[in-house]
Amino acid sequence: YTQDNHPQKYKIDFKISDGSFLLNGDAEKLYEAVTHLLDNAIKYSCIENKCGIIKMELGRKGDEAVLSVSDNGIGISKSDQKYIAEKFFQAKRFDATTPVEQQGSGLALYITRRTVEMHHGRIWLDSASGKGTTFYISLPLSK
């Protein structure tokens, strides 16, 4: 992952717990899915010269690997959360004053969700407007 896409000031804390484990899957597609989550975390937490703080954690929970990506950004309203991974969905917070770097096609989370589902995994989120967002991905471990 490079910082070229995001010239804003941000900090990423990454923690891996529970040693090593193996996943079966398309490494390129899974990398893309995680990159989408990281891009969004940076995009929506580095606003108006505010330093974005992003936390990533990877660990084992039973027979699954669980990745979380958290930010200290603007959050996602409860009413938008059920649609956030739908194709072309844009949260209601976007209007004519929204900076270009925060606008998108509404495809990143859709692609991420589809990739996770194709790998027999799950994706969910925890968020509150103004308080940040955490996305979780769980994927089955190789046996």
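Ala, Val, Leu, Ile, Met, Phe, Trp, Tyr, Cys and Pro count here as nonpolar, Asp, Glu, Lys and Arg as charged, and the others, Gly among them, as polar. With that split, the lining of the largest cavity has four nonpolar residues, two polar ones and no charged ones. The model is predicted. This briefing covers its cavity, a pocket, its salt bridges and one buried serine, Ser127.

**The cavity**

- The structure holds one cavity of 30 Å³ or more.
- The volume of the largest cavity is about 30 Å³.
- Its lining consists of Leu23, Asn24, Leu30, His119, Leu139 and Pro140.
- Under the split above, Leu and Pro count as nonpolar, and the lining comes out as four nonpolar and two polar residues.
- No charged residue belongs to this lining.

**The second largest pocket**

- The second largest pocket has a volume of about 340 Å³.
- Lining this pocket are 18 residues.
- Nearest its centre lie Leu23, Leu30, Val34, Leu58 and Leu67.
- Leu23 and Leu30 also appear in the lining of the largest cavity.
- By class, the pocket lining divides into 15 nonpolar residues, two polar and one charged.
- Four elements each supply at least two lining residues: helix H1 (27-45), strand E2 (52-61), E3 and strand E5 (132-140).
- H1 gives the largest share, with five residues.

**Salt bridges**

- A search of the whole structure finds three salt bridges.
- Lys11 and Asp13 are one pair, with their side chains meeting at 4.0 Å, N to O.
- Lys11 counts as partly exposed because its relative accessibility is 46%, between the 20% and 50% cut-offs.
- Asp13 is partly exposed too, with a relative accessible area of 31%.
- Glu64 and Arg122 form another pair, at 3.5 Å, N to O.
- This pair links distant parts of the chain: Glu64 sits in strand E3 (residues 64-71) and Arg122 in strand E4, 58 residues apart.
- Glu64 has a relative accessible area of 21%, so it is partly exposed.
- Arg122, at 44% relative accessibility, also counts as partly exposed.
- Arg114 forms a salt bridge with Glu117, and their closest N and O atoms are 3.5 Å apart.
- Both Arg114 and Glu117 lie in helix H3 (residues 108-118).
- They are three residues apart there, about one turn of the helix.
- Arg114 counts as partly exposed at 36% relative accessibility, and Glu117 does so at 38%.

**Ser127, a buried residue**

- Ser127 lies in strand E4, which covers residues 122-128.
- Arg122, from the salt bridge with Glu64, is in strand E4 as well.
- Ser127 has 4% relative accessibility, so it counts as buried, the cut-off being under 20%.
- Its side chain reaches the backbone oxygen of Gly132 at 3.0 Å.
- The side chain of Ser127 also makes a polar contact with the side chain of Thr133, at 2.7 Å.
- Ser127 and Ser70 are 57 residues apart in sequence.
- In space, Ser127 and Ser70 are 9.4 Å apart, C-alpha to C-alpha.

Notes: Residues are numbered from 1 along each chain as its sequence is written. This is a predicted model: local features need pLDDT of at least 70, side-chain atom pairs count only at pLDDT 80 or more; totals for chains, interfaces and linings use all residues. Side-chain values use heavy atoms; hydrogens and water are left out. On a 1 Å grid over the protein atoms alone, a cavity is a set of points where a 1.4 Å probe fits but cannot get out, and a pocket is an open set with protein on both sides within 12 Å along at least five of seven lines; lining residues have an atom within 4 Å of a point. Grid points are joined across faces, edges and corners, and a volume is the space filled by probe spheres set on the points. Buried means under 20% relative accessible area, exposed over 50%, partly exposed in between (1.4 Å probe, protein chains only). A polar contact is a pair of N or O atoms within 3.5 Å; within protein, one must be able to donate a hydrogen and the other to accept it, and residues adjacent in sequence count only if both atoms are side-chain atoms.
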